[in-house]
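Biologist: I am new to this one, and I would like to learn what stands behind the words used for it. Could you show it to me?

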Amino acid sequence: MALREYEYFLAIAEENNITKAAQKLHVSQPSLTQQLKRTEHELDCKLLVRTNNGVQLTEAGETYLQLSRQILQLYENFQYEIGQLKKLACGKLRIGASWYLSTTFVSPLVSEYTRLYPGIQIDCIENRTSLLLEQLHSGQIDIAFVSRFPHENAQNQKRLTYVPLYRDKMCVVAHTGYQMNKTKDCPWIDLTALDEQPFIMFRPNQRIRQITDRIFAQAGIRPQIRLTTYGFPTAIAQAAAGIGITILPEGYVETVREQYDIQVYSLAPEYCAYWDIGAYYPYYDIMPFALKAFVDKIQGHFEQ
């Protein structure tokens, strides 16, 4: 049944008169009478009877009146809740990101967002890019910040919307005492000189390791793997300790560079040594309010 039918019946019961109810509702009496007959026909029972004093509800009518009040109250509560969501006074947002993006980029965005909308409950989930995309497809998170390989396309993410954000280049990091082969007038390091040099590497299932392996293959060098780790802090700390050389994103190195005794070198453009940072979220005809506000905040951040 339409919500209007409950409103009509409630007005009849409150006014105890079909004519007065029609005036209150700003509809014609015949229209209201016809609507009442359709409701009774649909329910296959009599809801009220006419008397000299107006109308009298039957037992079924009394039950239907209680139902009408409950449904209209539920709808009023629903409208209030929707209004709160629209005003971003309440709601939830589940944000997925890698540990690296969570600490260097996403965390400041979340802080700014929560200051603007303190009623929104934020849940931050840290995971690998591949797992974040799985969680996004399964509805476990609302938006995922990911790193994409050079020239990687989104053919496997057809149900998602992708927002490109920025490009994060890779760089070579070593202790300041390490002798690096670099021409004074050239901004790039000579990777061929690093053949069989000790390296601090990441685990094979990490995207940064896959990018690094491709760079080494393109340069034709064979690194001597001295240490394998999962975390950027471990890699840069061990490089600063002189254990070996490592390759890290510039975005991370710049945030911690002052803490370590290191030298940093760029890689030639021919190696495509970078990953693109962006955000995926499900395609919506009408985006959820909390998510839309967050996406708007992201895009506004990069338009500044």
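Modeller: Let us go through some terms one by one, with examples.

Modeller: First a word on the source: this is a predicted model, in which local features need pLDDT of at least 70 and side-chain atom pairs count only at pLDDT 80 or more, while totals for chains, interfaces and linings use all residues. Residues are numbered from 1 along each chain as its sequence is written, and side-chain values use heavy atoms, with hydrogens and water left out.

Biologist: Thanks! What makes Phe-105 and Tyr-166 an edge-to-face pair?

Modeller: Rings of Phe, Tyr and Trp (its six-membered ring) pair if their centres lie within 6.5 Å, and planes under 30 degrees apart count as stacked, over 60 as edge-to-face and the rest as tilted. For Phe-105 and Tyr-166 the centres are 5.5 Å apart and the planes make an angle of 65°, so the pair passes the distance rule and counts as edge-to-face. By this rule the count comes to 17 aromatic pairs.

Biologist: Why is this pair said to tie together separate parts?

Modeller: Phe-105 sits in helix α5 (residues 99-116) and Tyr-166 in strand β6 (residues 160-175), so the pair joins parts that are 61 residues apart in sequence. Helices (H or I, at least four residues) and strands (E, at least two) are DSSP runs, numbered from the N terminus.

Biologist: Which of the two words, buried or partly exposed, fits Phe-105, and which fits Tyr-166?

Modeller: Buried means under 20% relative accessible area, exposed over 50%, and partly exposed in between (1.4 Å probe, protein chains only). Phe-105 has 8%, so it counts as buried. Tyr-166 has 24%, so it is partly exposed.

Modeller: Another edge-to-face pair is Tyr-113 with Phe-294, at 5.2 Å between centres and 85° between planes. Tyr-113 belongs to helix α5 and Phe-294 to helix α10 (residues 289-303), so this pair ties together parts 181 residues apart in sequence. Both Tyr-113 and Phe-294 are buried.

Biologist: How do you know that Arg-148 lies over the face of Tyr-162?

Modeller: A charge sits over a ring if NZ of Lys or CZ of Arg is within 6 Å of the ring centre and within 35 degrees of the ring normal. Arg-148 lies over the face of Tyr-162 at 4.0 Å from the ring centre, and Arg-207 lies over the face of Phe-149 at 4.7 Å.

Biologist: What makes β7 and β8 a pair of strands?

Modeller: Two strands pair if DSSP finds at least two bridges between them. Strand β7 (residues 198-202) and strand β8 (residues 224-229) are joined by five bridges and run parallel; Phe-199, for instance, has Ile-225 in β8 as its bridge partner. By the same rule β6 and β9 pair, with four bridges and an antiparallel course.

Biologist: Why is the unit of β7, helix α7 and β8 called right-handed?

Modeller: A crossover is right-handed if, with the strands pointing away from the viewer, the path from the first strand over the helix to the second runs clockwise. β7, helix α7 (residues 207-219) and β8 make a right-handed β-α-β unit.

Biologist: What is meant by a nonpolar core, and how many residues has the largest one?

Modeller: A nonpolar core is a set of buried Ala, Val, Leu, Ile, Met, Phe, Trp, Tyr and Cys residues joined through side-chain atoms within 4.5 Å. The largest has 63 residues, and Leu-248 is one of those with the most contacts inside it. A second, separate core of 18 residues includes Tyr-6 and Leu-32.

Biologist: How do you know that Leu-248 is buried?

Modeller: Its relative accessible area is 0%, so Leu-248 counts as buried. Leu-248 lies in strand β9 (residues 246-249) and is the bridge partner of Cys-171. Contact means heavy atoms within 4.5 Å, and leaving aside neighbours within four places in sequence, the contacts of Leu-248 include Phe-202, Phe-232 and Val-253.

Biologist: What is notable about the phi of Asn-16?

Modeller: Most residues other than glycine have a negative phi. Asn-16, however, has a positive phi, near 55°. Asn-16 is found in the loop between α1 (3-15) and α2 (18-25) and, at 32% relative accessibility, counts as partly exposed. Leu-88 also has a positive phi, of about 60°, but Leu-88 is buried, with a relative accessible area of 11%.
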